[in-house]
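Here are my notes on this one, jotted down as I went through it. Have a look at the model alongside them.

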Amino acid sequence: MVSDNSFASVIRVNIALLRLSGVVSYENGSIHQSSSQNILRAIAYGCLFVYAGLYTYEFLLHTVYLDTWMESFAMILSLVGGQARFTILLLFRSRFQRLLAICEELWTTLNATEKKHVRDYVKTTRHLTYYYLFSCAFTIFFYALANLFMGQYDDALNATIRTLPYICPVEVHRSPYYEIMYIAQLCSMIHVGLTCAGTDTVGPVLVLTICGHFKVLNTRILHLNDPNRVRVSKGSCSTSMESLEIMREKNDTKNHVKSNLEACVYYHQTMFELCKEVENLTTGIFLTQLLGSTYNVSLVGFKLAGVRIINLSCNFESSFIQDKLNYVSILQDDPDKFKYATQLFIAVIQLFLSNWAANVLVIESQDIARAMYLTPWYRFPYQLKRSVNIIIMRSQKPAQLTAGHIISLSLQTFASVCIFVTCKE
């Protein structure tokens, strides 16, 4: 059970997806281990492994049929990529749980206004999670329902037979085995979609949480001089007493600014350390997400362009030529091209998720320098001015996440990939 006052309540949807896949479990606002996690983890990994293996085997077995290889390869990239990301998350599960515990601890140090800053950033991730889930559900049910109205013509039986929506190692056409296998495939594929959605949104949730804390730090820096000062009491006072009160006020203000600035420096360092931990966890996830979604956008985009490769048998008198030139490929407009639009939408969401949150992090970490400059630093003593200078210099090097410690993630990377794919098509 998740407490309404905890950080887990802010990311309730993502926690529910991760609990379903056995990655994390919450009870009374704290992370704990349970035996049910192992069962859920085995089910999630088993579904991904079986579908990835079956589609890979089908692809290797029927590669010669060029009219279906792109569709199979796009599905393989999605499944194998999802399995790879889920495997990385399971291997570093303890690190992820530690990051959640740190976020929970930081959440307790914020006041109501500061919690709103963090909540506003995480809310955007929740909306993207809903879009992702809707796209996965629509794609799964679209393929499942399409197979109820579309059959496969069998020349041997001279009739149209029913086919399952997803690949199956055995042929099932008769009732009730067809209905049982149909429901089993639908449920398992829904579980695959939920597991992939939970895994793919781990990075954006953590990154935008840090962005919210950078926003809190920005606000605290702008209000370094505002808090409780010792004010001069009203009424008649001697000149010496007024001077003493003014001196005391200046000293208290200077001490308060100094303590607040030290707290902000510590907070700033904590955020950069947290960024390093998040990058160590998500760099592999972002790399597989970036590469897989890029290739899927290319492949599915090629299908949406309306091109279909058809194989025609060629008969030659020479058996050698017959073996070498078994198929001839021609290009033809694909009437079923629009059914791939949902796959393209999912690939674009994955590509956007891996770049957008990292871009927001760069902007928020750079804004610390602007906030520090806008403070009345010229009134600070020399020691505080030096600290301000150090913070401004450090903030000029923003927190930058990478994919595989190679590719810098940002909206510029997202735009470059989209332009490259469009020009390629």
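**Cavities, helix packing and a few local details**

1. Start with the lining of the largest cavity: α4 (69-91), α6, α7 (177-200), α9 (239-304) and α11 (341-374) each put in at least two residues. Bear in mind throughout that this is a predicted model.

2. How much space lies in that largest cavity? About 390 Å³. Its lining runs to 22 residues, and M75, S78, C136, T139 and I346 are the ones that lie nearest the centre. Sorted by class, the lining has 14 nonpolar, six polar and two charged residues.

3. The structure holds four cavities of 30 Å³ or more. For the second largest cavity, the space comes to about 50 Å³. Its lining is made up of I11, N14, L18, F96, L100, G198, T201, V202 and V205. Two or more of these residues come from each of α2, α5 (93-108) and α8 (202-222). As for class, six are nonpolar and three polar, with no charged residue in this lining.

4. Now the packing of α2 (residues 12-20) against α6 (residues 112-149): the angle is about 45° and the axes are 9 Å apart. An angle that is neither under 35 nor in the 65 to 115 range, and not over 145, counts as oblique, and α2 and α6 are therefore oblique to each other.

5. Which residues make the contact between α2 and α6? From α2 they are V13, N14 and L17, and from α6 they are R126, T129, Y130 and L133. That contact has four nonpolar residues, two polar and one charged. N14 turns up twice in these notes, since the α2 residue that meets α6 is also listed in the lining of the second largest cavity.

6. On annotation, the unreviewed UniProt entry lists residues 38-57, 69-92 and 129-150 under "transmembrane region". In the model, residues 38-57 are 100% helix and 0% strand, and the end C-alpha atoms of that span lie 28 Å apart.

7. Is the peptide bond from S175 to P176 cis or trans? It is cis, with omega near 0°. P176 sits in the loop between β4 (159-161) and α7, and α7 is one of the helices that supply the lining of the largest cavity.

8. One more backbone detail to look at: H405 is not a glycine, yet its phi is positive, at about 60°. You'll find H405 in the loop that links β7 (402-403) and β8 (407-408).

Note on methods
Residues numbered from 1 in each chain as written. Predicted model: local features only at pLDDT ≥ 70, side-chain atom pairs only at ≥ 80, totals over all residues. Heavy atoms only, no water. Axes fitted to C-alpha atoms, helices over the stretch in contact; angles between N-to-C directions. Helix = DSSP H or I, 4+ residues; strand = E, 2+ residues; numbered from the N terminus. Contact = heavy atoms within 4.5 Å. Nonpolar A, V, L, I, M, F, W, Y, C, P; charged D, E, K, R; others polar. 1 Å grid on protein atoms, 1.4 Å probe; cavity = no way out; pocket = protein on both sides within 12 Å on 5 of 7 lines; lining within 4 Å. Points joined across faces, edges and corners; volume = space filled by probe spheres on them. UniProt positions renumbered as here; feature names shortened; annotations may be inferred.
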